[in-house]
Amino acid sequence: EAMEQAIALGFDTILTSGQKNTCREGAGLIKELVQESRGRIVIQAGGGVNAEVIESLYPVTGGRAYHMSGKIVVKSAMEYRNPEVSMGLPSISEYEIIRTDERAIGAARRVLEAL
């Protein structure tokens, strides 16, 4: 029903993990949405996406759109570290930096181009 409403409202994409923590776990619902959409809206799988997931998910769901960050965590170059005070949010390490891994994105692109 929500997909039909999104289509009626003129949306062109729904980003979903299939109502699970990862799109691999939600593959069943993603497959249903891809089939039910009949090309009227793009069903974009997200949540834990990498090249391997795309390769395994495509034959199951038929989905051709994926959302991924390709993130890796690298150590910060920060030299002075005071354990008594946080310079940011306690939930985010100030000694690590999240970056997009060009190799992961390239691998995903190659898989998508081969579909």
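## Exercises on a predicted chain

Strand 4 (residues 71-75) and strand 5 (residues 96-100) run antiparallel and are joined by five bridges; two strands pair if DSSP finds at least two bridges between them. This is a predicted model, in which local features need pLDDT of at least 70, side-chain atom pairs count only at pLDDT 80 or more, and totals for chains, interfaces and linings use all residues. Residues are numbered from 1 along each chain as its sequence is written, and side-chain values use heavy atoms, leaving out hydrogens and water.

**Exercise 1.** Look at strand 4 and find the residue in strand 5 that stands opposite Ile72, then judge how well strand 4 is covered.

*Solution.*
- Step one: go to Ile72 and look across to strand 5, where Arg99 stands opposite.
- Step two: count the buried residues (under 20% relative accessible area; exposed is over 50%, partly exposed in between, with a 1.4 Å probe and protein chains only).
- Step three: among the five residues of strand 4 that count is zero, and the strand is hardly covered.

**Exercise 2.** Place strands 4 and 5 in the whole chain by listing the elements from the N terminus on.

*Solution.*
- Step one: helices (H or I, at least four residues) and strands (E, at least two) are DSSP runs, numbered from the N terminus.
- Step two: the protein chain has four helices and five strands.
- Step three: written in order, they give α-β-α-β-α-β-β-β-α.

**Exercise 3.** Compare the radius of gyration of the protein chain with that of a compact globule of 115 residues.

*Solution.*
- Step one: take the radius over C-alpha atoms, and use the globule rule of 2.2 Å times the number of residues to the power 0.38.
- Step two: the rule gives a value near 13 Å, but the chain has 18 Å.
- Step three: check the C-alpha trace, which spans about 55 × 30 × 25 Å along its principal axes.
- Step four: add the burial, with 30% of the 115 residues buried.

**Exercise 4.** Describe the backbone and surroundings of Gln19 and Arg38, two residues with a positive phi.

*Solution.*
- Step one: recall that most residues other than glycine have a negative phi.
- Step two: Gln19 has a phi of about 60 degrees, and Arg38 has one near 45 degrees.
- Step three: Gln19 sits in the loop between strand 1 (13-16) and helix 2 (27-37), while Arg38 lies in the loop between helix 2 and strand 2 (42-46).
- Step four: Gln19 is exposed, with a relative accessible area of 71%, and Arg38 is exposed too, at 60%.
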